[in-house]
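Visitor: I would like to learn how to read a few features of a model like this one. Could you take me through them in order?

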Amino acid sequence: MSAQFMTKIISILISTALVLGTITGFNIPAKTKDASTYHKSEIKNVIYLIGDGMGFNHLEKTKAERNIDLVMDTFPYDGQSRTRSFTNRVTDSAAGGTALACGIRTANSAIGVDPIDKTPKYSYPKNITELCKERGMMTGVITTDDTTGATPASFSAHSSDRGNTEDLTNDQLTSDIDLIWGHANGVATKSAAEANGFEYVVSYNEMMNLTEGSRSYAQFTNNLWTLEQSDANTPTLEQMAVKAVDLLDDTDEGFFLMIEGAHIDKHSHSNDSEKTTEATLSFDRTIKAMLDYAKADGETLVVVTADHETGGLTLKKGEYKYTSGGHTAVNIPVLVYGSDKIVSGGEKLNNYEIPIRIAYTLGFTEDDFPVKVMVK
Ligand SMILES: [Zn+2]
């Protein structure tokens, strides 16, 4: 057998093994390198901001129409994420959120569960909130959507379908998360929250009166998307974020906080240009507050991304126009402060690699995340 022929056989064997490994292995990330590459000892806290539906052109449109710069453009490290789900080229917020929370691809509509074992009967993927909590970190999930909306649910629950509001609420209320705040979902009750050790909060004043060491479940009744406080009872996303960090940042173990700006997606679905811009500005203002905190703190990683683009915003004859009332498959931004290892220089990565790299940056390894939790 010639040396050339042997070389060819060996290369075929290696590529077959790689392909099989990708198909049969649990989530072998395409390009994410081994965990030690990402470790950064000075990172203690993570603030993970998700602009639901926010594509690159949402940023460009906002800047062009308001003639302003966005804080999002000042991040030192940037890349872009591919968002397809296990089942669909165009993801929904459930599969998109699950990728960003659990480090796996799942089916559209599924929340924090495997695409094949959706019930789940055998196992489900651990989310990064649970991972951080197990290490003793404080954890929080805040959103302008319902608390059981697809994105916050992906960080706090496991269920076959995003519409299972009772299941999602039950998972949240029996979780170890320190704070879960958002719009009222119509299912969660004060008595259920209190029975599980949460203070039940419905107004801005009650939120502001929370003290360190308390756990809280907020169900705000009014719309939460505007840039300014709409009434004395309804906080902005920025106010929620600042108060949440204040409550979470008091331990040596650090904290993990997911913050969702949900209305970029909602207003893009209805092609409401003004409100889309307002929601993008509300999100950017929240990011500024979190970036200011991280810069002063020196131990905080800030990651900004989206779950998918909504509206198909396209520049036509000098104006940004919607080309869709739904989600699209375009890549979306990933912006990072605090580590050059998550992304840099416009790198393209898969959405599910983002939480894996965040976990590695906190010092976790391949054995810790992503992992399956066996159902008892
Ligand atoms: Zn949507």
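Guide: We will go through the domains, then the metal site, then one helix. Please keep in mind throughout that this is a predicted model.

Visitor: How is the protein divided into domains?

Guide: Domain 1 covers residues 1–30 and domain 2 covers residues 36–374, and the C-alpha centres of the two lie 37 Å apart.

Visitor: Which residues coordinate the zinc ion, and what arrangement do the donor atoms make?

Guide: As a general reference, the ideal angle for four tetrahedral donors at a metal is 109.5 degrees. Here Asp265 gives two OD atoms, while His269 and His327 each give NE2, at 2.0 to 2.5 Å from the zinc ion. The angles subtended by the four donor atoms run from 56 to 155°, and the arrangement is therefore irregular.

Visitor: How are these donor residues spaced in sequence?

Guide: The spacing is D-x3-H-x57-H. Because His269 lies in helix α10 (residues 263–269) and His327 in strand β13 (residues 327–328), the pair ties together parts that are 58 residues apart in sequence.

Visitor: Is His327 buried or exposed?

Guide: Buried means under 20% relative accessible area, so His327, at 19%, is buried, whereas His269, at 32%, counts as partly exposed.

Visitor: How many residues of helix α3 are buried, and what lies at the helix ends?

Guide: Ten of the ten residues of α3 (residues 93–102) are buried, so this helix is largely enclosed by the rest of the structure. Asp92 caps the N-terminal end, with a side-chain oxygen 3.3 Å from the backbone nitrogen of Ala94, and α3 is followed by Gly103, which has a positive phi near 75°.

Definitions and conventions. Residues are numbered from 1 along each chain as its sequence is written. This is a predicted model: local features need pLDDT of at least 70, side-chain atom pairs count only at pLDDT 80 or more; totals for chains, interfaces and linings use all residues. Side-chain values use heavy atoms; hydrogens and water are left out. Domain bounds come from an automatic or database domain assignment. Donors are N, O and S atoms within 2.8 Å of the metal (3.2 Å for Na, K and Ca); water is not among the atoms, so sites may look incomplete. Four donors count as tetrahedral if all angles lie between 85 and 135 degrees; four count as square planar and six as octahedral if opposite donors are over 155 degrees apart and all others between 65 and 115; anything else is irregular. Helices (H or I, at least four residues) and strands (E, at least two) are DSSP runs, numbered from the N terminus. Buried means under 20% relative accessible area, exposed over 50%, partly exposed in between (1.4 Å probe, protein chains only). A polar contact is a pair of N or O atoms within 3.5 Å; within protein, one must be able to donate a hydrogen and the other to accept it, and residues adjacent in sequence count only if both atoms are side-chain atoms.
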